[in-house]
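Let's take a friendly walk through this structure together. Keep the sequence at hand as we go.

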Amino acid sequence: MSRRLELAPGVQYWPEKLNQAAEAGLLADVMAGIAAAPLYRPAMPGSGALLSVEMTNFGPLGWVTDQAKGYRYEPLHPVTGEAWPDIPDPLLELWHELTDYRAPPEACLVNLYRDAARMGLHRDADEQAADAPVLSVSLGDTALFRFGGLTRRGPTASVKLHSGDVLMFGGPARMMFHGIDRIQAGSSGLIPGGGRINLTLRRVTNPA
Ligand SMILES: O=C(O)CCC(=O)C(=O)O
């Protein structure tokens with residue numbers, strides 16, 4: 001049981017929520033999922049520029065982007081054409097423990113950050129179920145997570161996310177701008193080949 005910090009209204013942070021055994025167990029599940037649904041680099045809408053992070057998904061729906069159709073959720077992996085693997089049980093258990101949402105998550109976005117990979121400030125705005133929080137688990141190298149308010153140009157704050165940390169944003173913060181400025185390469189030896197894996201759980205459709 002780790003302590004919970006409220007970083008801002010609606011932004012909850014559990015440092016070291018996962019112990020080493022839990023991190024290793026979750027990583028094994030994630031690597032098995034990646035073996036079935038390989039990481040790939042999606043393209044930005046419009047420009048077609050590739051994201052610096054590699055991505056895949058678990059769950060009935062996966063978040064994808066490409067030049068022609070942009071940001072959306074899809075039930076099939078765009079490269080293999082196969083359904084995404086199931087969300088690992090430890091992540092479903094975390095969702096049920098930490099959120100009081102009435103339905104399970106439908107999407108687990110897997111982001112792999114290596115080298116200079118980063119993620120610009122953005123909002124998670126492709127989900128119908130905007131009353132559900134976003135729950136995010138960090139594995140591997142430390143990341144500098146930046147978050148702000150509901151406008152892109154407002155003030156921001158930063159927190160270092162370490163391996164095993166869990167962050168949740170919902171309620172007044174559900175549509176906050178956030179992103180990853182950089183990764184501290186080599187700060188953890190957890191991920192084979194180095195880097196950081198982020199697992200983001202989201203409910204996409206409104207529960208019946
Ligand atoms: O890697 C992270 O911690 C944040 C990921 C993120 O913001 C996203 O996938 O939308």
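In which helix is the place of Glu93? You will find Glu93 in helix α2, which covers residues 89-98. Please keep in mind that the model is a predicted one. Glu93 counts as exposed because its relative accessibility is 53%, and exposed here means over 50%. Glu93 also belongs to a negative surface patch, together with Asp29, Asp86 and Asp89.

From the surface, let's turn to a strand that is mostly covered, namely β9, residues 143-147. Four of the five residues in β9 are buried. What does β9 pair with? One partner is strand β10 (residues 157-161), joined to β9 in the antiparallel sense over five bridges. Another is strand β12 (residues 178-183), which also runs antiparallel to β9 and is joined to it by five bridges. Phe147 is a handy residue for seeing both pairings: its bridge partner in β10 is Ala157, while in β12 it stands opposite His178.

Now for the charged side chains. How many salt bridges does a search of the whole structure find? The search finds nine. A good place to begin is Arg72, whose side chain meets that of Asp66 in a salt bridge with an N to O distance of 3.0 Å. Arg72 also forms a salt bridge with Glu74, at 2.7 Å from N to O. How covered are these three residues? Arg72 is buried, because its relative accessible area is 18% and the cut-off for buried is under 20%. Asp66, at 26% relative accessibility, counts as partly exposed, and so does Glu74, at 24%.

Next, look at Glu106 and Arg203, which form a salt bridge with their closest N and O atoms 3.4 Å apart. Why is this pair worth finding in the sequence as well as in the model? Glu106 lies in the loop between α2 and β6 (107-113), and Arg203 in the segment after β13 (196-202), so the salt bridge ties together parts that are 97 residues apart in sequence. Glu106 counts as buried at 12% relative accessibility, and Arg203 is buried too, with a relative accessible area of 10%.

One last stop is a group of linked charges. Asp124, Glu127, Arg174 and Arg202 are joined into one network by salt bridges that share partners.

Note on methods. Residues numbered from 1 in each chain as written. Predicted model: local features only at pLDDT ≥ 70, side-chain atom pairs only at ≥ 80, totals over all residues. Heavy atoms only, no water. Patch = residues over 30% accessible without salt bridge, like charges linked within 9 Å, V, L, I, M, F, W, Y side chains within 5 Å. Areas by Shrake-Rupley, 256 points an atom, 1.4 Å probe, with all protein chains shown as cover. Salt bridge = Lys/Arg side-chain N within 4 Å of Asp/Glu carboxyl O. Lys, Arg positive; Asp, Glu negative; His and termini not counted. Charge placed at Lys NZ, Arg CZ, Asp CG, Glu CD. Helix = DSSP H or I, 4+ residues; strand = E, 2+ residues; numbered from the N terminus. Buried < 20%, exposed > 50% of the residue type's maximum accessible area, 1.4 Å probe, protein only. Pairing = 2+ DSSP bridges.
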